[in-house]
Each structure stands twice: as C-alpha cells, then as structure tokens.
Amino acid sequence: MTTTFPEGTIEAFRGIATASVADAVEQTGIRGYLSGSIKQVLPGKLVGPAVTVQEVPSHEPEPPHHALRAIDESAPGSVICIAAGGADVAVWGGLMSAGAVANEVAGAVLDAAVRDVEEIRRDYPQLPVYARGSVAATTVGRYRTVSCNEPVVIGGVPVRPGDLIVADSDGVVCVPADRVAEVLATALEIERREREQTALITESGSLRGGLEKYNRI
C-alpha cells in the first residue's frame, strides 16, 4: 500500500532537523511544514512514507474502517496520516497503537487529537505520535473515515500517499515524493553550512559576522 524509500534515504533524514528540511522544501517553491498546532504528543523522531486517511463529521456510530485498513495493510515503516480538519476528537488511541506496533508502522500524524496517551507511553514508548493534543472523546458517533490513500490536507499542507513525512520536536514536514532526493541534498547542504556558521560565530564572537558571511539566520 505504501511507497518505499531506500533505507539510506530514511536514515539520512533521521539525522537532519525538520527546520532544515522545511527550509529545503521551501527552496523548491512550496510549503512543506505543517501547522505548529500539530506537535509531538508522544516523543520520537519520525521519518517514513505517508499513508493517508480522511475523516469527516458523521453521527453514524461506525468504526474507523479506513484507518484500521491503513494500519493492517501498510508496509513497515509507514506513517499513518489522518486528516480530520483539526477535530477536537481522538482519531487515534491505544488499540490502534497496538496494531501499529504489531505491523511495524513508524508512527502517526493526526490533524485531530489522540487519546490513551498514558497507555501508549507505557506500552508502546517506541511509537511517535504527532497531533493537535489529547482528548478523551472517541470519534464513534462524531466522525467517520471515508477514504484511504487519497490526497488529503493536514495542518494546511497537501499530503499525498507516498510523500515523505519528517517530524521531530520542532514539528512535522511533508516532502513531496518526487522531490525527496532534491530536498535531501539541499537539507544536507543547509546543515553543513550551519555547522560552519556556528563555528565562525563561536570562534569570532560575532553573531552578525556569521550572519553576514552565510546570509542565514
């Protein structure tokens, strides 16, 4: 169900801050960073191809069928990305986390909330979850899933199945699948120049001097 990237590519992005990835995506002429409201609720660096799920308001009391399918059928290392328009309900919880870990899903990015946070932290500490927060409310009778692996919008950014998701404590970035190699090269160069800039500032004692030479802040 999922686009895959070479393990070397995944590992390279694991070593790059999302701030650098966001800047690199912007150099391609698009926005990649998701709204800062979507943040690290359960910690961990997260890098992997997106599997997308769309949820919409509904009074029908039905399980999140498309999300369950995404968890069960996605390739190991996938990132489940659930679009729900910033809903104040939990589109992810303990049972879904159990399924994700059993199927080697890398983590989740939610344009809504998560619940069972204490349970997930205790039982699945290796599972990163990025969300708008936590809330006790279930989706059942409030929201339902309507699609899996169709383009969605999460945190103000289009996310397509197979796009690369990169997330850490700074936030979440979506790298379009067809620009991954370009963004990786640019982000690595950004990080290299920042290391040089930091060394210059430290050695010279001049912040402005470092900014003038590298034209970056």
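Biologist: What radius of gyration does the chain have, and what would a compact globule with 217 residues have?
Modeller: This is a predicted model. For a chain with 217 residues, a compact globule would have a radius of gyration near 17 Å. The value for this chain agrees with that, at 18 Å.

Biologist: What does the C-alpha trace span along its principal axes?
Modeller: The secondary structure that makes up the chain comes to seven helices and 12 strands. Along the principal axes, the C-alpha trace of the chain spans about 65 × 30 × 30 Å.

Biologist: What percentage of the residues in the chain is buried?
Modeller: A residue counts as buried when its relative accessible area is under 20%. Of the 217 residues in the chain, the buried ones make up 48%.

Biologist: Of the contacts between residues at least 6 apart in sequence, what share joins residues at least 24 apart?
Modeller: A contact here means heavy atoms within 4.5 Å. Among contacts between residues at least 6 apart, the share that joins residues at least 24 apart is 74%.

Biologist: How much of the accessible surface belongs to carbon and sulfur atoms?
Modeller: The accessible surface of the chain comes to about 10,100 Å². The part of that surface belonging to carbon and sulfur atoms is 50%.

Biologist: How far apart are the centres of the positive and negative side chains?
Modeller: The chain has 19 positive side chains and 28 negative ones. Each set has its own centre, and the two centres lie apart by 5 Å.

Biologist: Which residue forms a salt bridge with E73, and where do both lie?
Modeller: The structure holds nine salt bridges, and one of them involves E73, with the closest N and O atoms 3.2 Å apart. E73 counts as partly exposed because its relative accessibility is 47%, and its partner is also partly exposed, at 39%. The two are four residues apart, about one turn of the helix, and both lie in helix α3 (residues 65–73). The partner is R69.

Biologist: Which residue meets D178 in a salt bridge, and which parts of the chain does the pair link?
Modeller: The N to O distance in this salt bridge of D178 is 3.8 Å. The pair links distant parts of the chain, 18 residues apart: D178 is in the loop between β12 (171–175) and α6 (180–204), and its partner is in the loop between β10 (157–159) and β11 (164–168). D178 counts as exposed at 62% relative accessibility, whereas the partner, at 37%, is partly exposed. That partner is R160.

Biologist: Which residue pairs with E189 in a salt bridge?
Modeller: E189 and its partner both lie in helix α6, three residues apart, about one turn of the helix. E189 is partly exposed, with a relative accessible area of 33%, and the partner is partly exposed with a value of 33%. The N to O distance is 2.5 Å, and the partner is R192.

Biologist: Is E104 buried or exposed?
Modeller: E104 is found in the loop between α4 (94–102) and β5 (107–111). Most residues other than glycine have a negative phi. E104 is not a glycine, yet its phi is positive, about 60 degrees. With a relative accessibility of 54%, E104 counts as exposed.

Biologist: What is the phi of D116?
Modeller: D116 is found in the loop between β6 (113–114) and α5. At 32% relative accessibility, this residue counts as partly exposed. D116 is a residue other than glycine with a positive phi, near 60 degrees.

Biologist: Which residues does V117 contact, leaving aside neighbours within four places in sequence?
Modeller: V117 is found in helix α5 (residues 117–123). A relative accessible area of 14% falls under the 20% limit, so V117 is buried. With those neighbours left aside, V117 is in contact with V41, L42 and S134.

Biologist: How far apart in space are I165 and V51, C-alpha to C-alpha?
Modeller: I165 lies in strand β11 and counts as buried because its relative accessibility is 1%. Not counting residues up to four places away in sequence, I165 touches several residues, including L46, V79, V109 and V172. In sequence, I165 and V51 are 114 residues apart. In space, C-alpha to C-alpha, the distance between I165 and V51 is 9.8 Å.

Methods. Residues are numbered from 1 along each chain as its sequence is written. This is a predicted model: local features need pLDDT of at least 70, side-chain atom pairs count only at pLDDT 80 or more; totals for chains, interfaces and linings use all residues. Side-chain values use heavy atoms; hydrogens and water are left out. The radius of gyration is taken over C-alpha atoms; the globule rule is 2.2 Å times the number of residues to the power 0.38. Buried means under 20% relative accessible area, exposed over 50%, partly exposed in between (1.4 Å probe, protein chains only). Accessible areas come from the Shrake-Rupley method with a 1.4 Å probe; for residues, only the protein chains shown count as cover. Lys and Arg count as positive and Asp and Glu as negative; His and the chain ends are not counted. The place of a charge is taken as NZ of Lys, CZ of Arg, CG of Asp or CD of Glu. A salt bridge is a side-chain nitrogen of Lys or Arg within 4 Å of a carboxyl oxygen of Asp or Glu.
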